[in-house]
Amino acid sequence: MLTATIHFLDGETLTLNVHDFVWGIRTAPINDRPKKISKKNWEKITYDFPNKDEVNGPFELNEHIKLGLVPSITKLLNNYTFFFTDDDPGTVFASSKVVKIVSH
């Protein structure tokens, strides 16, 4: 089975398998709006954590023919501030703390 191990800044690791389900939590301060995005559109895509947040998912990790799970995982990390797995929703990981992804 295809797997990938995510290494975090504190030395912790998380191993994910192909077809695992993950959830993303998107957070962003309202006052960090880029000038190119209107206030109305910015409010649709941002949330004032911890009072408001958007949880999206579950997303199934899919295999890339040459890159394994790396594209699915990097898409999750790029789009969400935090994430958690379907297997352990009580543990939430910070995307910014990932230092390495190793596909097996």
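## Aromatic pairs and an open sheet

F93 is buried, with a relative accessible area of 9%, and this residue of the predicted model offers a convenient point of entry, since it leads to the aromatic contacts. Ring pairs link F93 with F8 and F83 into a cluster. F83, another member of that cluster, has a relative accessibility of 0% and therefore counts as buried, the cut-off being under 20%.

The aromatic pairs of the structure number five. In one of them, the ring centres of W23 and F84 lie 5.9 Å apart while the ring planes make an angle of 5 degrees, and because planes under 30 degrees apart count as stacked, this pair is assigned to that class. W23 belongs to strand 3, which covers residues 21–26, whereas F84 belongs to strand 5, which covers residues 82–85, so the pair ties together parts of the chain that are 61 residues apart in sequence. As for solvent access, W23 has a relative accessibility of 22% and so counts as partly exposed, while F84, with a relative accessible area of 12%, is buried.

The rings of F83 and F93 form a further pair, with centres 5.4 Å apart and planes at 25 degrees, so that this pair, too, is stacked. Here the link runs between strand 5, where F83 is found, and strand 6 (residues 93–94), where F93 is found, the two residues being ten apart and the parts of the chain that they join being described as distant.

From the rings we can turn to the sheet. Three strands make up an open sheet in the order 2-1-7, and their pairing is antiparallel. Strand 2 (13–17) and strand 7 (98–103) stand at the edges, and because each has a single partner strand, one side of each is left without a neighbour in the sheet. From one strand to the next, the twist averages 20 degrees.

Within this arrangement, strand 1, made of residues 3–8, is joined to strand 2 by five bridges, and the two strands run antiparallel. A residue-level view of that pairing is given by I6, which stands opposite L14 in strand 2. Helix 2, spanning residues 70–79, packs on the sheet and touches strand 1, strand 2 and strand 7, and the direction of the helix makes about 160 degrees with that of strand 7.

Definitions and conventions
Residues are numbered from 1 along each chain as its sequence is written. This is a predicted model: local features need pLDDT of at least 70, side-chain atom pairs count only at pLDDT 80 or more; totals for chains, interfaces and linings use all residues. Side-chain values use heavy atoms; hydrogens and water are left out. Rings of Phe, Tyr and Trp (its six-membered ring) pair if their centres lie within 6.5 Å; planes under 30 degrees apart count as stacked, over 60 as edge-to-face and the rest as tilted. Helices (H or I, at least four residues) and strands (E, at least two) are DSSP runs, numbered from the N terminus. Buried means under 20% relative accessible area, exposed over 50%, partly exposed in between (1.4 Å probe, protein chains only). Two strands pair if DSSP finds at least two bridges between them. Axes are lines fitted to C-alpha atoms, for helices over the stretch in contact, and angles run from 0 to 180 degrees between N-to-C directions. Contact means heavy atoms within 4.5 Å.
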